[in-house]
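Hi,

Here's the structure I said I'd pass on. Have a look at it first, and my notes on what turned up are underneath.

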Amino acid sequence: MNLKEKELDRGFSHEDQNPAALHFFKAKSLIEKGDVFPFLKKMPKGALLHVHDSASVSSKWVIKNLTYMTGMLRCSSSKGDVFTFRKLKQKHGCSYYYKVSEERNWSRKYDEKLEKSINLRAAYPEMVFPNLGDIWTRFQGMFSTFNDAFAYVHAFRRYIWQMLAELYSDNVMYAEVRSTLPELYDQNGKIYPKEFTVREYININKNFVKKYGDFLGIKIIYCGLRHDLNTIKTSIKEFKQLHKNFPDFIIGFDLVGQEDKGKTLFSVLNELNDLPKSAKLFFHGGETNWFGSVMDTNLLDAILLKTKRIGHGYALAKHPILMEKVINKEIALEVSPISNQVLNLVWDLRNHPAAIYLSKNIPMTITNDDPGFWDAQGVTYDFYYAIMSLAPNDAGIRLLKGLVWNSLNYSVLTYGEKQRGLNILDRRWNSFLIAAHFRSRKKA
Ligand SMILES: O=c1[nH]cnc2c1ncn2[C@@H]1O[C@H](CO)[C@@H](O)[C@H]1O
């Protein structure tokens with residue numbers, strides 16, 4: 001509370017330097033300079049329940065590591081850059097491929113330029129991306145830029161390890177990761193089936209957990225892109241097979257992509273009814289500002305389809321009856337404050353509807369969505385906005401603790417795994433508080 005009050009007071013008298021009200025791209029360096037951020041960084045976060053794998057790792061790491069791997073190529077398509085390690089020409093819509101190692105030799109500030117194609121950072125985002133459509137085109141383009149490099153088996157292994165490392169160093173202890181599970185390929189051009197991607201994932205996870213015993217690992221929520229019916233059908237078919245073969249790892253299903261432009265849940269009801277009973281659902285819903293539109297009914301249908309949690313749920317505040325349902329059925333919202341701001345739903349996060357959800361005790365957890373694409377390593381920055389912008393001035397450690405405990409309680413860990421996780425969390429939380437207490441005494 002001391003750290004928070006001091007920082008809010010300063011923000012109140014210097015509004016131009018009040019990170020709680022500023023866009024993340026303007027606030028990031030201010031956040032890092034304050035005292036709240038390092039405190040939150042050290043805080044055990046519990047589980048991370050909403051993150052997309054191919055946008056999870058910091059873009060700097062990707063540039064410094066993956067783009068220095070042998071065989072990396074770059075080409076320019078009408079939609080933007082494409083990174084790849086495939087030797088054979090692909091359907092990238094490019095006419096010429098450049099070797100990154102050669103380009104780097106004759107271009108100044110090459111790495112900085114390269115990083116721009118996988119990072120949305122802008123000094124004046126309101127000028128660069130005036131509309132929600134503009135930012136989504138750019139955002140979706142970044143997945144297209146990176147996906148083919150991500151699917152190179154040697155890059156994939158390093159990237160997923162780094163994803164776990166960034167979570168672990170941010171004091172996250174477990175994650176349920178959303179993935180479209182790309183078909184991986186190797187240096188000889190061999191393409192592997194999705195089962196192989198799952199086995200790779202399981203191996204990396206196993207090795208990471210072996211090395212860091214207090215990390216519980218990850219599970220995968222399989223994602224289909226919602227933009228057209230055939231893609232949805234194919235992804236449901238693939239999911240059924242993968243879930244059957246790996247029921248404890250490929251735990252559930254979701255549909256992703258821009259909700260405003262994609263198929264609604266209602267329009268694919270027949271297909272969704274084909275999902276097996278053992279599969280859990282984790283639908284995105286209400287990531288929209290269109291009140292009363294067809295997309296807006298996704299929230300209703302997600303609840304009717306018995307979703308375990310709701311991704312975002314940004315629009316839920318406009319639907320009082322659905323808010324009640326979410327409380328009664330204990331469906332947690334996966335709230336990603338920075339994502340909603342960067343993707344242009346809201347500017348000042350004090351206006352984010354999660355402030356209302358907190359006041360109504362709607363179950364929720366703080367998540368980071370695509371941190372690599374906006375320079376937010378880990379979930380600490382989102383927790384900063386949660387406690388400084390979404391929560392009332394007088395809410396402190398008790399609220400944070402509730403959010404952290406929610407993350408484990410609303411996870412789909414088995415009973416045994418959850419008990420073990422809660423024990424570890426309890427221990428780590430107490431040492432965190434004791435250490436923070438001694439730090440503050442030393443300062444005083
Ligand atoms: O906030 C989001 N809402 C909806 N879809 C998203 C969001 N973030 C990422 N993706 C989608 O996830 C896919 C990769 O897993 C990407 O294609 C992207 O469209």
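A quick word on classes before the ligand: Ala, Val, Leu, Ile, Met, Phe, Trp, Tyr, Cys and Pro count as nonpolar, Asp, Glu, Lys and Arg as charged, and the others, Gly among them, as polar. On that basis the shell around the ligand has 4 nonpolar, 7 polar and 4 charged residues.

Bear in mind that this is a predicted model. The protein chain has a mean pLDDT of 96, with 100% of its residues at 70 or more. For the complex, the predictor gives an ipTM of 0.93 and a pTM of 0.97.

Back to the ligand, since that's probably where you'll start. It is surrounded by 15 residues, and the closest are His52, Phe143, Val256, Gly257 and Asp370. Helix 8 and strand 6 (218-225) each put at least two residues into that shell.

Now the domains. The protein chain splits into domain 1, covering 38-60 + 136-427, and domain 2, covering 62-129. Their C-alpha centres are 27 Å apart, and the contact takes 25 residues from domain 1 and 25 residues from domain 2.

Which helices supply the domain 1 side of that contact? Helix 4 (59-65), helix 8 (132-150) and helix 9 (153-169) each give at least two residues to the side that touches domain 2. Helix 8 has the largest share there, with 9 residues. By class, that side of domain 1 comes out as 12 nonpolar, 8 polar and 5 charged.

So helix 8 is one to keep on screen: it supplies residues to the ligand shell and also to the side of domain 1 that touches domain 2.

Cheers

How values were computed: Residues numbered from 1 in each chain as written. Predicted model: local features only at pLDDT ≥ 70, side-chain atom pairs only at ≥ 80, totals over all residues. Domains from an automatic or database assignment. Contact = placed C-beta atoms within 7 Å. Helix = DSSP H or I, 4+ residues; strand = E, 2+ residues; numbered from the N terminus. Near = placed C-beta within 6 Å. pLDDT = per-residue confidence, 0-100.
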